[in-house]
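Thank you all for making the time this morning. I would like to take you through one structure, beginning with its ligand and then moving out to a few loops and a helix.

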Amino acid sequence: MGLRKWGRKKSPWILHVPTGGCNGCDIEIVAALTPRFDVERLGILQVASPRHADILMVTGPVTQQIRDRLKRLYELVPKPVAVIGVGTCTISGGVFAGSYAVTGPLDQVIPVDVYVPGCPPRPQAIIHGVAKALEKLEKMK
Ligand code: SF4
């Protein structure tokens, strides 16, 4: 196993990208990161730069305003990358899907590897989504 692949498996770094949801999913991601669930003890870190990320964790329906920035962030992340859609908005586009303001759901904008359903999903489900994404990353070259 190459060093990069080993590092990803042992300590995946995540870029969290909100795309216009209600922030309910974002709060649950914060709960997963902070001491109650404390995923940092497992080596799962949130990073601020797409250049450092192994996983893109996206919330929200993808509004018109954020679509191009989301595409740009996806381009900037080193490949292969796993994309996790957190919350029902990423799956369906949310309650305003089809309106002029929403260009999602997420898979209309970037490829998605794992969905975590729920409105919002619990931190345990989000952590399970990360485990699924790691399985996918391992299979990618
Ligand atoms: S899935 Fe639910 S909690 Fe998450 S951003 Fe959409 S409306 Fe908010």
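Which pocket does the space taken by the ligand correspond to? In this model, which is a predicted one, the ligand takes up the space of the largest pocket. Two elements, α2 (24-33) and α4 (88-92), give two or more residues each to the shell around the ligand. The residues of that shell are G21, C22, G24, C25, G87, T88, C89, G118, C119 and P120, and by class the shell has five nonpolar residues, five polar residues and no charged ones.

One of those shell residues, P120, deserves a second look, since it is found in the loop between β5 and α5 and is joined to C119 by a cis peptide bond with omega at about -5°. A further cis peptide bond joins G104 and P105, with omega at about 15°, and P105 lies in the loop between α4 and β5 (114-116).

Let me turn now to the loop between β3 (55-59) and α3 (64-76), where T63 lies and where P61 and V62 are also found. P61 counts as buried because its relative accessible area, 6%, is under the 20% cut-off, and among the residues that P61 touches are G21 and C89, both of which also belong to the shell around the ligand. P61 also touches P105, the proline of the cis bond with G104. V62 is buried as well, with a relative accessible area of 0%, and its phi is near 65°, a positive value in a residue other than glycine. T63, at 18%, is again buried, and, leaving aside residues up to four places away in sequence, T63 touches T19, G20, A101, V102 and T103.

Where else does a residue other than glycine have a positive phi, near 80°? That residue is N23, found in the loop between β1 (13-18) and α2, and N23 is partly exposed, with a relative accessible area of 43%.

Finally, a word on K136, which has its place in helix α5 (residues 123-139). K136 counts as partly exposed because its relative accessibility is 38%, which falls between the cut-offs of 20% and 50%. A polar atom of the K136 side chain lies 3.3 Å from the backbone oxygen of D113, whereas the C-alpha atoms of K136 and R67, which are 69 residues apart along the chain, are separated by 25 Å.

Technical notes:
Residues numbered from 1 in each chain as written. Predicted model: local features only at pLDDT ≥ 70, side-chain atom pairs only at ≥ 80, totals over all residues. Heavy atoms only, no water. Helix = DSSP H or I, 4+ residues; strand = E, 2+ residues; numbered from the N terminus. Buried < 20%, exposed > 50% of the residue type's maximum accessible area, 1.4 Å probe, protein only. Contact = heavy atoms within 4.5 Å. Near = heavy atom within 4 Å. 1 Å grid on protein atoms, 1.4 Å probe; cavity = no way out; pocket = protein on both sides within 12 Å on 5 of 7 lines; lining within 4 Å. Sits in = over half its atoms within 2 Å of the grid points. Nonpolar A, V, L, I, M, F, W, Y, C, P; charged D, E, K, R; others polar. Polar contact = N/O pair within 3.5 Å; in protein donor to acceptor, adjacent residues only side chain to side chain.
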